[in-house]
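This briefing covers one chain, grouped by topic. Please read it beside the sequence and the structure shown here.

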Amino acid sequence: MYIAQEESFGPVMVISKFKNGDVDGVLRRANATEYGLASGVFTKDINKALYISEKLEAGTVFINTYNKTDVAAPFGGFKLSGFGKDLGKLSLLISCERMKSMEEALPGYGV
């Protein structure tokens, strides 16, 4: 299904059927895409939700909701989605790694 393999931005939700208990088949289908920005899991079974969210190749996994997030939480995508992780510890370390402080005395200012 084309729409399930593209990274659509907008009010789009793909709901697909699966055989009862075929969680690994669902994971194979969900991960068979070049993208992985976000995903959602809707279930009454929290253990199943946690198992699936751990196996999904997506930067954010929503459980029983969608697009409810704290703007201060780290985020980013997998595969071709996004440019890595933003607001996380690693992101901070990488940006600090590239920082450089330069000082130069200008004539008539300071020492």
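Helices (H or I, at least four residues) and strands (E, at least two) are DSSP runs, and they are numbered from the N terminus. The model is a predicted one. Its chain has three helices and six strands, and from the N terminus on these elements run α-β-β-α-β-β-β-β-α.

**Whole chain**

- The chain has 111 residues, of which 16% count as buried.
- Of the contacts between residues at least 6 apart in sequence, 38% join residues at least 24 apart.

**Helix 1 and helix 2**

- Two packed helices are described by the angle between their axes and the distance between the axes.
- For helix 1 (residues 23-31) and helix 2 (residues 46-55), the angle is about 35° and the axes are 10 Å apart.
- The crossing of helix 1 past helix 2 is right-handed.
- On the helix 1 side, the contact is made by Val23, Asp24, Leu27 and Asn31; on the helix 2 side, Lys48, Tyr51, Ile52 and Lys55 meet them.
- By type, the residues of this contact of helix 1 with helix 2 are four nonpolar, one polar and three charged.
- The buried residues in helix 1 are Val23, Gly25, Leu27 and Asn31.
- Helix 2 and strand 5 (78-79) are included in what covers these buried residues of helix 1.
- Val23, Leu27 and Asn31 thus appear both in the contact with helix 2 and among the buried residues of helix 1.
- An α-helix has 3.6 residues a turn, so residues three or four places apart point the same way.

**Strand 2 and strand 3**

- Strand 2 (residues 38-41) and strand 3 (residues 60-63) run parallel and are joined by four bridges.
- Between these two strands the chain passes through helix 2, in a β-α-β crossover that is right-handed.
- Within the pair, Gly40 stands opposite Phe62 of strand 3.

**Ser39 and Gly40 in strand 2**

- Ser39 lies in strand 2, and so does Gly40.
- Ser39 has a relative accessibility of 14%, so it counts as buried, the cut-off being under 20%.
- Gly40 has a relative accessible area of 38% and is therefore partly exposed, as this value falls between 20% and 50%.
- Apart from neighbours within four places in sequence, Ser39 is in contact with Leu56, Ala58, Thr60, Val61, Phe62 and Tyr66.
- With residues up to four places away in sequence not counted, Gly40 touches Phe62 and Tyr66.
- Phe62 and Tyr66 are thus contacts of Ser39 and also of Gly40.
- Gly40 and Ile63 are 23 residues apart in sequence, and their C-alpha atoms are 5.8 Å apart in space.

**Positive phi outside glycine**

- Asn64 is not a glycine, yet its phi is positive, at about 55°.
- Asn64 is found in the loop between strand 3 and strand 4 (75-76).
- The relative accessible area of Asn64 is 43%, so this residue is partly exposed.
- Lys79, a residue other than glycine, also has a positive phi, near 55°.
- Lys79 is placed in strand 5.
- At 37% relative accessibility, Lys79 counts as partly exposed.

Conventions. Residues are numbered from 1 along each chain as its sequence is written. This is a predicted model: local features need pLDDT of at least 70, side-chain atom pairs count only at pLDDT 80 or more; totals for chains, interfaces and linings use all residues. Side-chain values use heavy atoms; hydrogens and water are left out. Axes are lines fitted to C-alpha atoms, for helices over the stretch in contact, and angles run from 0 to 180 degrees between N-to-C directions. A crossing is left-handed if the near helix is turned anticlockwise from the far one by less than a right angle, and right-handed if clockwise. Contact means heavy atoms within 4.5 Å. Ala, Val, Leu, Ile, Met, Phe, Trp, Tyr, Cys and Pro count as nonpolar, Asp, Glu, Lys and Arg as charged, and the others, Gly among them, as polar. Buried means under 20% relative accessible area, exposed over 50%, partly exposed in between (1.4 Å probe, protein chains only). Two strands pair if DSSP finds at least two bridges between them. A crossover is right-handed if, with the strands pointing away from the viewer, the path from the first strand over the helix to the second runs clockwise.
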